[in-house]
Amino acid sequence: RAVSRLSALRIRDFMLPTLAPAVDQLRLIPAILYTVNPQLCHHLSQTQPFFALSGTLTMYAHDIQEYGDIARLFDILLARESVFSVYLFAQIVLQRADELFDTPADEPEMLHSILSKLPKPLDIETLIAKTIQLFEQHPPETLKSWRIISPSSVLKTTRMQHDPAKQTLEDGHMYFERQVKDLHWAKRKKRAM
């Protein structure tokens, strides 16, 4: 039952027929970076944010080795709305700015390699505190790329309801079906263009 709720109400965007909604989520990372550190965002502009796919999809469980850290991270990710996971990755990138600036911008593969691995050691408590601060200072609605997120995306459905815990599995299935229809519509529109 818990896995069903997690699937339908927390990571639904990663379970659709295409990765388009997941990619839309990842595109929020450069927008967050731009609001805080435009130079870093420009430095990474040749690197697509696919480096964050594994972390955001698995809620970082595959990237963190210590069970206590995974459990603590799950606590915060399940207690906050879904978009918090994207902010968490953006904060990780921001904290690595010096390391990233040491790598030439014209080597996107090298930057991708660095970004796809979490830094070690990872101070979970500081990371969480800074992510909360980042989220509060730059809420999703202030980001340009927020408008490309589907209204049925888990990012918006957990944001628009004050208590996502009250969402039912039926709600999750309904939003899933809406997103599938949106994807089909976007595909037809793209073909027509």
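This briefing walks through two residues, one helix pair and the salt bridges of the structure above. Please keep in mind that the model is predicted. Four salt bridges are found in the structure, and one helix pair, helix 7 with helix 10, is described here through its crossing angle of roughly 110 degrees.

**Two residues to start with: L78 and S85**

- L78 sits in helix 6, which covers residues 67-79.
- With a relative accessibility of 44%, L78 is classed as partly exposed, because that value falls between the 20% and 50% cut-offs.
- Beyond the residues up to four places away in sequence, L78 touches L6, R10 and M59.
- If you would like a distance for orientation, the C-alpha atoms of L78 and R147 are 24 Å apart, and the two residues are separated by 69 residues along the chain.
- S85 belongs to helix 7, made up of residues 84-95.
- S85 has 8% relative accessibility and so counts as buried, since the cut-off for that class is under 20%.
- The contacts of S85, leaving aside neighbours within four places in sequence, are T56, Y60 and L77.

**How helix 7 meets helix 10**

- Helix 10 spans residues 124-137, and its axis comes within 9 Å of the axis of helix 7.
- The two axes cross at roughly 110 degrees, and the helices are therefore roughly perpendicular to each other, as angles of 65 to 115 degrees are counted that way.
- The crossing of helix 7 past helix 10 is right-handed.
- On the helix 7 side, the contact is made by F84, Y87, L88, A90, Q91, I92, L94 and Q95.
- On the helix 10 side, the residues involved are L127, I128, K130, T131, I132, L134 and F135.
- Sorted by character, the residues of this contact are 11 nonpolar, three polar and one charged.

**Salt bridge between R72 and E125**

- R72 pairs with E125 in a salt bridge whose closest N and O atoms are 2.7 Å apart.
- Because R72 is in helix 6 and E125 is in helix 10, this pair ties together parts of the chain that lie 53 residues apart in sequence.
- R72 is partly exposed, at a relative accessible area of 30%.
- E125 is partly exposed too, with 42% relative accessibility.

**Salt bridge between R96 and E99**

- R96 and E99 form another salt bridge, with 3.2 Å between the closest N and O atoms.
- R96 is buried, having a relative accessible area of 8%, whereas E99 is partly exposed at 36% relative accessibility.

**Salt bridge between R159 and E141, and its network**

- R159 forms a salt bridge with E141, and the closest N and O atoms of the pair are 2.7 Å apart.
- This pair links distant parts of the chain, 18 residues apart: R159 is in helix 11 (residues 154-160), while E141 is in the loop between helix 10 and helix 11.
- R159 counts as partly exposed, with 25% relative accessibility.
- E141 is likewise partly exposed, at 45% relative accessibility.
- E81 comes into the picture here as well: salt bridges that share partners join E81, E141 and R159 into one network.

How values were computed:
Residues are numbered from 1 along each chain as its sequence is written. This is a predicted model: local features need pLDDT of at least 70, side-chain atom pairs count only at pLDDT 80 or more; totals for chains, interfaces and linings use all residues. Side-chain values use heavy atoms; hydrogens and water are left out. Helices (H or I, at least four residues) and strands (E, at least two) are DSSP runs, numbered from the N terminus. Buried means under 20% relative accessible area, exposed over 50%, partly exposed in between (1.4 Å probe, protein chains only). Contact means heavy atoms within 4.5 Å. Axes are lines fitted to C-alpha atoms, for helices over the stretch in contact, and angles run from 0 to 180 degrees between N-to-C directions. Angles under 35 degrees count as roughly parallel, over 145 as roughly antiparallel, 65 to 115 as roughly perpendicular and the rest as oblique. A crossing is left-handed if the near helix is turned anticlockwise from the far one by less than a right angle, and right-handed if clockwise. Ala, Val, Leu, Ile, Met, Phe, Trp, Tyr, Cys and Pro count as nonpolar, Asp, Glu, Lys and Arg as charged, and the others, Gly among them, as polar. A salt bridge is a side-chain nitrogen of Lys or Arg within 4 Å of a carboxyl oxygen of Asp or Glu.
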